[in-house]
Amino acid sequence: MPYRAPVSELSFLLDKVIGFKAVQETERFAEASPDMVSAVLTEAGRMCDEVMAPLQRNGDLYPAVLENGVVRSSKGFDAGYRAIAEGGWVAITADPAHGGMGLPLTVATAVNEMMSGACLSLQLNPLLTQGQIEALEHHASDEMKALYLPKLISGEWSGTMNLTEPQAGSDVGALSTKAEPNGDGTYAISGQKIYISWGDSDLVENVCHLVLARLPDAAPGTKGISLFMVPKYLPDEDGNPGVANTLKVVSLEHKMGLHGSPTCVMSYEGATGWIVGEPGGGMKAMFTMMNNARLGVGGQGVGAAEGAYQHALAFANERKQGKNDHDTIIGHADVRRMLATMKAEILAARAIALDCAVSIDMGRATGAPEWTARAAFLTPIAKAFGTDIGCEVSEMGVQVHGGMGYVEESGAAQFYRDVRVTAIYEGTNGIQAMDMVGRKLMDGGEAATRLLDEIEAEAEAAKGTMPELAAAVWEAAETLRETTEWLVGRAMPERFGTAVPYLRAFARVLGGHYHLRAAMADPDGSHGKLARFYITRLLPEHMGLLAHVRAADGDLMAISPDDLAA
């Protein structure tokens, strides 16, 4: 499949659109100089182009399989994983004290996106390990850090997270996995977990599972949940994989896509585990990993969209069909519309993810609560909009291919099948939207208002140079402000029915903001033209979305289950 890592576009956004320079000027990230970041992106891009991208079809054509209790990876994934581990790409943000690079999350977000575009099913493995590394750095004991972090950071071992059970999906508090004290500081973990991505692998020496379980006499619900490290092989006295733990892969899920990423049903049968953090603190520790994953999954959506776009663009430049002012179908207006939409949506979603990462980095580097609140507000938008765009752009890529898009040999459908799950896991996009209008507006809308102030101030400043585009962005932000104030005044349950259109509208306005910045930096180039397309044709969608938000919640809930069945 044709793929070229979008290094130059990512560099443009870092330098001209999302304000990464502020991160580089902090004491914590002073070593992330422009030259270093450029070298990192270039080298990661080369690895994506030359090693990972050729494996994209292998993951689909030669799925991971379970043989005699062991997962066998897709053809060529062993060499691909070695390139990831040996290149240090698992360890981009990890603490240098344990062998990590210690670079900003913004850089990791860019690299992970490129890896997702090259081969999403393989990229999911190191993404999960990165999340586990962060959870251990924040919550594990010093002894556990010393044992596990060097192995995870080097890529010798990989990490997973085990939340979901057959009876407990998004309602994590309903889980029933038990943790019984063994009397020696360890616990016997018993239960079943489902949907465990990369729950087993022949790519690494050991697979380290973070498992949510309930201690005896624990409080009901999420307050009674604790977190445990449960490795596939118990480390020996030297810290090397020893005897096998009493856990196993029961089966692999037969999925719509991501066939190269084994999704396991895991059984823990009195498996030995060690508690991470405090008893009852499982959700706090796991949310460290989940928040990392939510931004990462948003980036996966953007990466898949980029891969689908490049695939469709290559086809449109080669396919001859009908008569137009060009030799191929890219000369047809509707094909041009689809490709422009794909490219414009990718820029918007990519910028949201990178801006979220910048906010997280600035919060860590400065300790300023405004940056932390900004990051928290942007996280559900980055996850939901990034994955929605991954799905929409990938579907549009099939349409660009016409009939050939429906034929598996073209490879167009794989992007859609692979990315579709990203809108579901790490909290469905509906849950992300509910979090946004719920917890993220509990400050009375202060974080949202600060973002809108920023958008309006920059649009006002741009009116002298690009009056029409700047005015459209300013007006959209002001309309969104009015709806935000209205929404803050509503009771919490009444917000949920309009949460998804509100998140989408906010993403639409943010997209106009970033496109305007890009146009100001490149007024006569492709970014200026793409900004006009987005702001003129796509940004107006926010009006319909906000009308949906302001509709009374009663008309939605008045539609009964019987009405839906009629």
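In this predicted model, Tyr195 is placed in strand β5, which spans residues 187-197. Its phi is positive, at about 60 degrees, although Tyr195 is not a glycine. Most residues other than glycine have a negative phi. Tyr195 has a relative accessibility of 53%. That value is over 50%, so the residue counts as exposed.

A positive phi also occurs at Asn68, again a residue other than glycine, with a value near 55 degrees. Asn68 sits in a loop. The loop joins β1 (65-67) to β2 (70-72). Relative accessibility at Asn68 is 83%, and the residue therefore counts as exposed.

Strand β2 also borders the loop that holds Gly76, with α5 (77-86) on the other side. Gly76 is partly exposed, at a relative accessible area of 25%. Along the chain, Gly76 and Glu50 are 26 residues apart. Their C-alpha atoms are separated by 13 Å.

Val172 occupies the loop between β3 (157-162) and β4 (178-181). Its relative accessibility is 12%. This is under 20%, so Val172 counts as buried. Beyond its neighbours within four places in sequence, Val172 is in contact with Leu163, Leu212, Ile225 and Met283. Val172 and Thr222 are 50 residues apart in sequence. In space, the C-alpha to C-alpha distance of this pair is 6.9 Å.

The aromatic side chains were examined next. A pair of aromatic rings is described by the distance of the centres and the angle of the planes. With centres required to lie within 6.5 Å, the model has four aromatic pairs. One of them joins Tyr148 and Trp157. The ring centres of Tyr148 and Trp157 are 5.7 Å apart, and the planes meet at 65 degrees. An angle over 60 degrees counts as edge-to-face, so the pair falls in that class. Tyr148 and Trp157 are both buried.

Tyr502 and Phe506 form another edge-to-face pair. Here the centres are 5.9 Å apart and the planes stand at 75 degrees. Both residues belong to helix α17 (residues 499-521). They are four residues apart, about one turn of the helix. An α-helix has 3.6 residues a turn, so residues three or four places apart point the same way. Tyr502 is buried, with 0% relative accessibility. Phe506 is buried too, with a relative accessible area of 0%. Ring pairs also bring in Phe377, which forms a cluster with Tyr502 and Phe506.

A charge over a ring is found at Trp474. Lys463 lies over the face of this residue, 5.0 Å from the ring centre.

Helix packing was considered for α10 (residues 333-366) and α18 (residues 526-538). Their axes are 10 Å apart and cross at an angle of about 95 degrees. The angle lies within 65 to 115 degrees, so α10 is roughly perpendicular to α18. On the α10 side, the contact involves Arg337, Ala340, Thr341, Lys343, Ala344, Glu345, Leu347 and Ala348. On the α18 side, it involves His527, Leu530, Phe533, Tyr534 and Leu538. By class, the contact has eight nonpolar, two polar and three charged residues.

Helix α12 (residues 412-419) is mostly covered. Seven of its eight residues are buried. They are Ala412, Ala413, Gln414, Phe415, Arg417, Asp418 and Val419. The elements that cover the buried residues of α12 include α4 (56-61), α6 (105-118), α7 (120-139), α9 and α11.

Helix α13 (residues 429-437) also has buried residues. These are Asn429, Gln432, Ala433, Asp435, Met436 and Val437. Among the elements covering them are α9 (282-318), α11 (369-401), α15 (467-488), α16 (492-496) and α17. Helix α17 also carries the edge-to-face pair of Tyr502 and Phe506. Helices α9 and α11 appear in the cover of α12 and in that of α13.

How values were computed. Residues numbered from 1 in each chain as written. Predicted model: local features only at pLDDT ≥ 70, side-chain atom pairs only at ≥ 80, totals over all residues. Heavy atoms only, no water. Phe/Tyr/Trp six-rings, centres within 6.5 Å; stacked < 30°, edge-to-face > 60°. Buried < 20%, exposed > 50% of the residue type's maximum accessible area, 1.4 Å probe, protein only. Helix = DSSP H or I, 4+ residues; strand = E, 2+ residues; numbered from the N terminus. Lys NZ or Arg CZ within 6 Å of the ring centre and 35° of its normal. Axes fitted to C-alpha atoms, helices over the stretch in contact; angles between N-to-C directions. Parallel < 35°, antiparallel > 145°, perpendicular 65-115°, else oblique. Contact = heavy atoms within 4.5 Å. Nonpolar A, V, L, I, M, F, W, Y, C, P; charged D, E, K, R; others polar.
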